[in-house]
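Please open the model in your viewer and keep the sequence panel beside it. The tour below moves from one selection to the next and says what is to be found at each stop.

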Amino acid sequence: MKAPGGPGVSPTWTSSAKDMIGTAIGTSRLWFTVGYGILNEVYFPRIDLPQIRDLGFIIADDKGFWVEVKRNFDYAMTTPGPGIPAVQIVHRHERFEFTLRIVPDPDRDVLLIECNLSGDAELKAYVLLAPHVGGNGTQNSAEIFSDRDRQTLCASQGPFTLALAAADAVTQRGAWLRTSTGYVGSSDGWQDFSANGRMTSTYSATDAGNVALMGELGSRHAVLALGFAGSNESASTLAISSLLHPFERVWRIYADAWQDWHKRNVDMRSFPEEFGDEIRVSAMVLRTHQDKTYPGAMVASLSIPWGNSRDDMGGYHLVWPRDLVESAGALLTLGAQREARDILRYLIATQLADGHWSQNQWLGGNPYWQGVQLDEAAFPVLLASRLAEKDWLGGIEVCDMVRRALAFVALYGPSTDQDRWEETPGINTCTVAVAISAFVCGAPFLPDEERRAVLLLADDWNARIEEWCTAADTDLSSRYGVSRYYVRTAPQRVIEEASAIHDRVPVRNHEGMFEVDASTLVSTDPLQLVRYGLRTPDDPIMRETVTLVDAMLKTETPLGPGWHRYNDDGYGEHEDGSPFDGTGRGRIWPLLAGERGHYELAAGREAEALRLLRTMCAMSGRFGLIPEQVWDAAPIDRANLRPGRPSGSAMPLVWAHGEFIKLAASLQMHQPNDRPEQVWLRYAGKRPRITCAHWTERMPVSNMPRGRPLRLLFDRPMRVHWGRDDWQEVSDDATKPAFLGLHVAEIPAERLANVNAIRFALQDTASGRWSDGDRMIRIV
């Protein structure tokens, strides 16, 4: 009989606060997550495609007593060792002890769960499975399927099907006593227990909707097999085949493979001995987040922030080029060269025609969000450079990728549509630091003449950072006793008019349109200027910015200090602890403690850097998974929020684990591990002089130094009609094909001698169309 009550309530995901994640070192194409002592999302056949919401258990006596184990909150977890993602969970209750062991079958697309119930002999275990086949829970159909002489619980949507089989752990015979399907919120197994105190329904199928499956186990020591394929028959065959292996044998093979991976890929001599366990966990996190169909693709997190309050199709199981390169840097730090090379290959394969990368994307390269972030166009150049510097490219040809990426950065920057937090447009110090470093590190891949031209452009941008990105004599200056400081993001208009530093800029994740004076926004982003060797930690503006950052963004917790991304951040739980729902209040990011640790290390304060690394450890979850954010206010017990402990944001955040690895290695090296050597050799933290000025349509500078040439850069042939001062001695200069495939008109320094300004107009050579209005550059 079909279940009533379709299509069910609106689906959600589970909490993003994971206890553990894992995958097999083998051909199996599935990934699992664990939270609140039960199985959460399982991903198949790619790491960007979750197929279930969760798989949990009810313990009941068929007389009215029942407990859902994930709500019991009394459980302990162990693994065979740090960084070995084979999970044993023991749930304790006054009437029972319920032990689970979770491990993927290394040879099949099957997840195995051993269940062992002890205690009161009247109790039985019931399995609750919430499918989200195909990545959402709205159009799943469910069926109790008879596969020859065995029953399996099946759900399907489109090309994907799952099958849950059960067997006695000793005899390997089928273990289902009763089974049922239902619609979530009306006829599912949990509703049955809630209404009746026991299992009373045995529905055989559902139509499409938000469905659930339940099975009563006839064995107190059973093994479940959750298999994935394209039909009921094929998924059931995989699941049942896996059950015909002794569970202990699969557990040992899986754990041994992970032990061997650590030995081959993690050189513990590169890290302080104190952090060995957390390094292994972080290495496991990086390895687990790699896909097997698309080698080199890594998602940002096997979690969906505040997933138990929403049905977000994307979550964090998407590829962000920035996170991917940051992870590649950590893999190189570990010694995993092959994985880092695969990342570079993947990035080259997914580079867009104009040279940049999508804001984020599915594994196959299809974009998800549509923003453009300048640092994401620059980061892959830094990865190519680091591999080349160590002679680790392994035959990968990178010159074409580098040229196209640098051309995009040159024409599109220094302003970005979105900063690294995917929000405010303008000129951001972190983004600019990455872009300038990409110019310097990408230059060696270019012919000599192009190399010189790109380095001159890098110098020009670097010399103007303070002109564009600092504010002085503001209310913040008076309140905190600082004179000049870096702002979070300067409006693009500061390139033309310095007073635009007070223009209003948008701040996301607030009700309605929320805009503030750009000079009032402060962030931790300027620290990247020190980390990449563009400024020294004792630079006066940097010191005053750090003073301001600590006064406005730092919060002390019982586990150590933490920093918010910027003031007025709205990405986090509300004050009452309710989930982020498009608005909220930003919380502390452990990642930022790592970034601050690199600053302290650069400043020679190794003890403080060490303290911050310990803080990152302390703020992790029970098995070392580092969250995106931790709670920063008074405890809220009903929401499980405590100061310094993980919030409902993404956990683990792969980027944070990469930062932990790099800071640990940096302490061993006594300098920032990922500081680009070529950038340091060129600048050594000092602001350069401008030896050639540049103008682009995205960088319409209003001034240039006297005695320097001027280059105007375009993506197409143009004519520059210009004159000295007030249109005297008018000239026409046509652009010529030049470096990076750009079209450049150069006005030599001698033609600008004794000139106070130049005025010019632009004509598109192909269309004959003139640009709107005249332009002026002052020579100072």
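Begin with a hairpin, in which two residues link strand S23 to strand S24. The model is a predicted one. Select residues 554-557 for S23 and residues 560-563 for S24, and you will have two strands that run antiparallel and are joined by four bridges. Within this pair, Lys554 stands opposite Trp563 of S24. Strands of a sheet pair through backbone hydrogen bonds, in either the parallel or the antiparallel sense.

Now zoom out and show the whole chain. The protein contains 18 helices and 33 strands, and its C-alpha trace spans about 100 × 55 × 50 Å along the principal axes. The radius of gyration is 29 Å, which agrees with the value near 28 Å that a compact globule of 780 residues would have. Colouring by accessibility should bring out that buried residues make up 63% of the 780 residues, while the protein exposes about 27200 Å², of which carbon and sulfur atoms supply 48%. Of the contacts between residues at least 6 apart in sequence, 70% join residues at least 24 apart.

Next, select the four strands S25, S27, S31 and S30, which in that order form an open sheet with mixed pairing. The edges of this sheet are S25 (693-695) and S30 (736-737), each of which pairs on one side only. Further in, S27 (residues 710-714) and S31 (residues 743-747) pair in the antiparallel sense over five bridges, and Leu710 has Ile747 of S31 as its bridge partner.

Just before this sheet in sequence, pick Ala684, which is found in the loop between helix H18 (677-683) and S25. Ala684 has a positive phi of about 50° although it is not a glycine, and at 27% relative accessibility it counts as partly exposed. A second residue to select for its backbone is Trp306, again not a glycine and with a positive phi of about 50°. Trp306 lies in the loop between helix H4 (276-288) and helix H5 (321-334), and is buried, with a relative accessible area of 3%. Most residues other than glycine have a negative phi, and most peptide bonds are trans.

Two prolines follow. The peptide bond from Gly6 to Pro7 is cis, with omega near 5°, and Pro7 lies in the segment before strand S1 (20-23). The bond from Gly413 to Pro414 is also cis, with omega near 5°; Pro414 belongs to the loop between helix H8 (399-412) and strand S17 (427-428).

Move then to Glu68 in strand S5 (residues 66-68), and display its side chain together with that of Arg71, with which it makes a polar contact at 2.4 Å. Glu68 counts as buried, at 10% relative accessibility. Leaving aside residues up to four places away in sequence, Glu68 touches Phe57, Ile58, Leu128 and Trp190.

Finish with the cysteines. How many disulfides does the count come to? The count is zero. Select Cys115, which is in no disulfide and whose nearest cysteine sulfur, that of Cys154, is 18 Å away. Seen from Cys154, the closest cysteine sulfur is that of Cys115, and because the distance is 18 Å, it is too far for a bond, the cut-off for a disulfide being within 2.5 Å. Cys115 is buried, with a relative accessible area of 1%, and Cys154 likewise counts as buried at 1%.

Note on methods
Residues numbered from 1 in each chain as written. Predicted model: local features only at pLDDT ≥ 70, side-chain atom pairs only at ≥ 80, totals over all residues. Heavy atoms only, no water. Buried < 20%, exposed > 50% of the residue type's maximum accessible area, 1.4 Å probe, protein only. Pairing = 2+ DSSP bridges. Polar contact = N/O pair within 3.5 Å; in protein donor to acceptor, adjacent residues only side chain to side chain. Contact = heavy atoms within 4.5 Å. Rg over C-alpha atoms; globule rule 2.2 N^0.38 Å. Areas by Shrake-Rupley, 256 points an atom, 1.4 Å probe, with all protein chains shown as cover.
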